[in-house]
2 protein chains.
Amino acid sequence: MPPTDRELLEAQVGSRLRALGLTVATAESSTGGLIAKRLTDIPGSSDYVIGGVIAYANSVKHRLLNVEEQVIAEYGAVSQPVAQQMADSARTLFRTDAALSVTGIAGPTGATATKPLGLHFIGLSTDSGTWVRRYVWDGDRAHNREAAADAALQLLLDYLDGRL
Amino acid sequence: MPPTDRELLEAQVGSRLRALGLTVATAESSTGGLIAKRLTDIPGSSDYVIGGVIAYANSVKHRLLNVEEQVIAEYGAVSQPVAQQMADSARTLFRTDAALSVTGIAGPTGATATKPLGLHFIGLSTDSGTWVRRYVWDGDRAHNREAAADAALQLLLDYLDGRL
């Protein structure tokens, strides 16, 4: 549900990044570029958005974001350690102060015996630590992707506002 | 303007890529992830979307996509040769059959003495050649970004349908 009486999350994040002089990058799997798209919807966002990787195939997670193949094999691509490695590597690759990552099962297919449809891990890497939050949403593909982007932007906002 | 009586461009592109067994990657500057987001809006798109780079900062265009610093200095980031190098490098980086690129001035700021607001270059790299189309849109930031994504998807569709 889009906020009507308050600023968009991407605008709130943007004004804080600008005020603090910080930069951000993204590493997205299931959201496929939606987080970067929302961050760059904001005019002037080139002052704090450096870039991003869309790591849709696991081979890209490994080759571009240094996610260990053994970690993908052991935990699966939709897992806490993969979200953590994606965020940490994106921060290094883009030389930013912060990096957001998302890996999830947006649907309508992709569920496994151990991982439900809608399962997502959202990562944030910063120089004071890396956080990963786990969510399961039960909407359709479009809903789950927007929810994952919201959760990523909220995680960054919580960090920037000193709530982590 | 969203099509009402026909399939979305990203769905048309997706069904052709699937039928032909081809893969695609993206290298986006001004669209900031919108093209990849639209491609991956389609369920099952992981069969043909491998990944993408959002090269918002010029440093990312150079470091990740091998766009020559001299080319950026001589022609500017919003130029035909930069769009061409972005597309060619993305195709190599992601090892795909095709790669789309966009570099442009979405607005509301960024125009220069020689480059108007709304100027965009859209690139497509394939194993049979690289094409770059030039556009100037006069809408607002959101309009120009959607128009650039439409133009990129249309360029790929034209290629897949043998119209290039």
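Q: Two strands count as a pair if DSSP finds at least two bridges between them. What makes strand E1 (residues 24-28) of chain B and E3(B) a pair?

A: This is a predicted model, and in it E1 of chain B and E3(B) share five bridges. At least two are needed, so the two strands pair. They run in the parallel sense, and B:Thr26 stands opposite B:Leu100 in E3(B).

Q: What makes strand E3 (residues 98-104) and strand E4 (residues 119-126) of chain B a pair, and which way do they run?

A: Seven bridges join E3 and E4 of chain B. Set that against the minimum of two bridges, and they pass, so they pair. These two strands run antiparallel. If you'd like to find the match-ups in the structure, look for B:Thr103 opposite B:Phe121, or B:Ala98 with its bridge partner B:Thr126.

Q: What lies between E4(B) and E5(B) in their hairpin?

A: Two residues sit between E4(B) and E5(B) in that hairpin. The two strands also pair in the antiparallel sense, over eight bridges. One spot to look at is B:His120, whose bridge partner in E5(B) is B:Tyr135.

Q: How do you know which strands are the edge strands of the sheet?

A: Start with the order: E5(A)-E4(A)-E3(A)-E1(A)-E2(A)-E2(B)-E1(B)-E3(B)-E4(B)-E5(B), which makes an open sheet of 10 strands with mixed pairing. The edges are strand E5 (129-136) of chain A and strand E5 (129-136) of chain B, each of which pairs on one side only. From one strand to the next, the twist averages 10 degrees.

Q: Which helix of chain A packs on the sheet, and what does it touch?

A: Helix H5 (residues 80-94) of chain A packs there, touching strands E1, E2, E3, E4 and E5 of chain A. The direction of H5 makes about 145 degrees with that of E3(A). In chain B, helix H6 (residues 141-160) packs on the sheet as well, touching E3, E4 and E5 of chain B. The direction of H6 of chain B makes about 30 degrees with that of E4(B).

Q: Why is E3(B) described as largely enclosed by the rest of the structure?

A: Count the residues: seven of the seven in E3(B) are buried, so the strand is largely enclosed. Both faces are covered. B:Ala98, B:Leu100, B:Val102 and B:Gly104 are buried on one side, with B:Ala99, B:Ser101 and B:Thr103 buried on the other.

Q: How do you know whether A:Gly14 is buried or exposed?

A: A:Gly14 has 25 other C-beta atoms within 10 Å. The cut-off for buried is 20 or more, so A:Gly14 is buried. You'll find A:Gly14 in helix H1 (residues 9-20) of chain A. Leaving aside neighbours within four places in sequence, A:Gly14 is in contact with A:Ile42, A:Ser45 and A:Tyr48.

Q: Why does B:Arg133 count as partly exposed?

A: B:Arg133 has 16 C-beta neighbours inside 10 Å. Buried takes 20 or more and exposed takes 12 or fewer, so 16 lands in between. B:Arg133 lies in strand E5 of chain B. Apart from neighbours within four places in sequence, its contacts are B:Ile122, B:Ala151 and B:Leu155.

Q: Which residues have the most contacts inside the largest nonpolar core?

A: They are A:Val24, A:Ala90, A:Ala152, A:Leu156, B:Ala90, B:Ala152 and B:Leu156, in a core of 111 residues. Take A:Leu156: not counting residues up to four places away in sequence, A:Leu156 touches A:Val13, A:Val24, A:Ala98, A:Leu100 and A:Leu124.

Q: What rotation superposes chain B on chain A?

A: A rotation of 180 degrees does the job, with 0.0 Å of shift along its axis and an RMSD of 0.0 Å. That is the relation of a two-fold axis. The same surface serves both copies, since 100% of the contact residues of chain B recur in chain A.

Q: How many residues does the contact take from each chain?

A: The contact takes 23 residues from chain B and 23 residues from chain A. On the side of chain B that touches chain A, helix H2 (34-40), strand E2 (49-55) and H6 of chain B each give two or more residues. The largest share, seven residues, comes from E2(B). That side of chain B divides into 14 nonpolar, six polar and three charged residues.

Q: How do E2(A) and E2(B) pair?

A: E2(A) and E2(B) pair in the antiparallel sense, over five bridges. A handy place to look is A:Val53, whose bridge partner in E2(B) is B:Val53.

Technical notes. Residues numbered from 1 in each chain as written. Chains lettered and ligands numbered in written order. Predicted model: local features only at pLDDT ≥ 70, side-chain atom pairs only at ≥ 80, totals over all residues. Core = buried A, V, L, I, M, F, W, Y, C linked by C-beta atoms within 7 Å. Contact = placed C-beta atoms within 7 Å. Helix = DSSP H or I, 4+ residues; strand = E, 2+ residues; numbered from the N terminus. Axes fitted to C-alpha atoms, helices over the stretch in contact; angles between N-to-C directions. Least-squares fit on C-alpha atoms with pLDDT ≥ 70 in both. Nonpolar A, V, L, I, M, F, W, Y, C, P; charged D, E, K, R; others polar.
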